[in-house]
Amino acid sequence: GIPFQLSPSTVAEALRDTDGLLVVDEADAIAQAKDRRKLAELIKHLSDMGAAFKLLVVGIAETGDMLTGAHPSVQRCLKETKLNRMLESELELIITEGAAKIKPDFEDEAVAAIVKLSAGYPHFTHLLALKCAEEAIASEKWFIVRGDVKSALKKAVDDAEGSLKRVYDAATRSHSTDMYKEILAAACFAAKASDEFRAANLRHAIEKRTGREISQQALNNFLKRLISERDETILRRVAKGIYRFNDPRMPSFIRMALGIMD
């Protein structure tokens, strides 16, 4: 027989009189756009019914429609609350207060390196500090220096959120060239001042990293794999010659993956 499936409208009908709240955490990890759209449809049906049941959708994205599959009519049903990245001083407290409870201690340069790599995201701060502490405790070392942070990067990358690693690996997989890795590393630097960057700035950053000139046509050939106007690729075209990372955490992950601490 045909397997029974719950549609967004069926679920909404079942929940409409329930006074409750469903928290959908890490919604950015929902891989399929069709599944995000189903979530959006559920929100819309509940809203249209005036239901008591509410959804709180939590995730990392530039706008709410990125978490709900850009459903055309759901925006009026949403109230967006955008959280800014954490301050450096706040990230420093995560490390120093954690270290005070368990030991070992972190030297100031090690704290600064972790904070810089984290770029405002506490996930990376927790992850890097944890891996440094695990290594230090295993080797009975009670003072973590900047070099220990670099040594911990590989383990941190292995334990980072799977979606970041999958997208990065798919974008850079090539048996014949490391150019995809070089382009994305350069994009991290091109996007430093702002989340968005221009093609000319990307070319300059690539030439600075590799020491070789690259024409726009040659760069475009590589960008075909990396860029689209949707969220399936690692980079997004926001306007002609202007790009940004689809996931704002990706520059931090790339610097960790390539061991770039400066």
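**Ground rule for today.** I call a residue buried when its relative accessible area is under 20%, exposed when over 50%, and partly exposed in between. I'm working from a predicted model.

**Thr233.** I started here. Thr233 comes out at 16% relative accessibility, so I put it down as buried, the cut-off being under 20%. I found Thr233 in the loop between β6 (227-228) and β7 (235-239). Its side chain has a polar atom 2.7 Å from the backbone oxygen of Leu235. I then listed what Thr233 touches, skipping residues up to four places away in sequence: Arg225, Leu226, Ile227, Ser228 and Asn246.

**Helix α11.** Leu226 from that list sent me to α11, residues 216-226, where the buried residues are Leu219, Leu223 and Leu226. These cover an arc of only 45 degrees around the axis, so they sit on the same side of α11. On the face turned away from that buried side I noted the exposed residues Gln217 and Lys224. What lies over the buried leucines? I looked, and the cover includes the helices α8 (162-172), α9 (179-190) and α10 (199-210), along with β6, β7 and β8 (242-245).

**Second largest pocket.** α8 turned up again when I went through the pockets. The second largest one has a volume of about 590 Å³. I get 26 lining residues for it, and the closest to its centre are Asp28, Ile30, Arg36, Val167 and Asp231. Which helix gives the most to this lining? It is α8, with four residues. I also noted that α2 (33-49), α3 (64-67) and α8 each supply at least two residues.

**Cysteines.** How many disulfides does the structure hold? I count zero. Cys132 is in none, and the nearest cysteine sulfur, that of Cys188, is 20 Å away. A disulfide would need the two sulfur atoms within 2.5 Å, so at 20 Å this pair doesn't qualify. I checked exposure as well: Cys132 is buried, with a relative accessible area of 2%. Cys188 counts as buried too, at 2% relative accessibility.

**Arg76.** Buried or exposed? I have Arg76 as exposed, with a relative accessible area of 60%. Arg76 lies in the loop between α3 and α4 (88-102). Leaving aside neighbours within four places in sequence, I see Arg76 in contact with Lys44 and Asp48. I also took the C-alpha to C-alpha distance from Arg76 to Ser47: it is 9.3 Å, with their positions 29 residues apart in sequence.

**Backbone oddities.** Last, I went through the backbone angles. The peptide bond from Lys103 to Pro104 is cis, with omega near 5 degrees. I place Pro104 in the loop between α4 and β3 (105-106), and Lys103 belongs to the loop between α4 and β3 as well. Lys103 has a positive phi of about 60 degrees although it is not a glycine. Its relative accessible area is 41%, so I list Lys103 as partly exposed. Glu26 is another non-glycine with a positive phi, about 50 degrees. I located Glu26 in the loop between β1 (21-24) and α2. At 47% relative accessibility, Glu26 goes into my notes as partly exposed.

Notes. Residues are numbered from 1 along each chain as its sequence is written. This is a predicted model: local features need pLDDT of at least 70, side-chain atom pairs count only at pLDDT 80 or more; totals for chains, interfaces and linings use all residues. Side-chain values use heavy atoms; hydrogens and water are left out. Buried means under 20% relative accessible area, exposed over 50%, partly exposed in between (1.4 Å probe, protein chains only). A polar contact is a pair of N or O atoms within 3.5 Å; within protein, one must be able to donate a hydrogen and the other to accept it, and residues adjacent in sequence count only if both atoms are side-chain atoms. Contact means heavy atoms within 4.5 Å. The arc is that of the directions from the helix axis to the C-beta atoms. On a 1 Å grid over the protein atoms alone, a cavity is a set of points where a 1.4 Å probe fits but cannot get out, and a pocket is an open set with protein on both sides within 12 Å along at least five of seven lines; lining residues have an atom within 4 Å of a point. Grid points are joined across faces, edges and corners, and a volume is the space filled by probe spheres set on the points.
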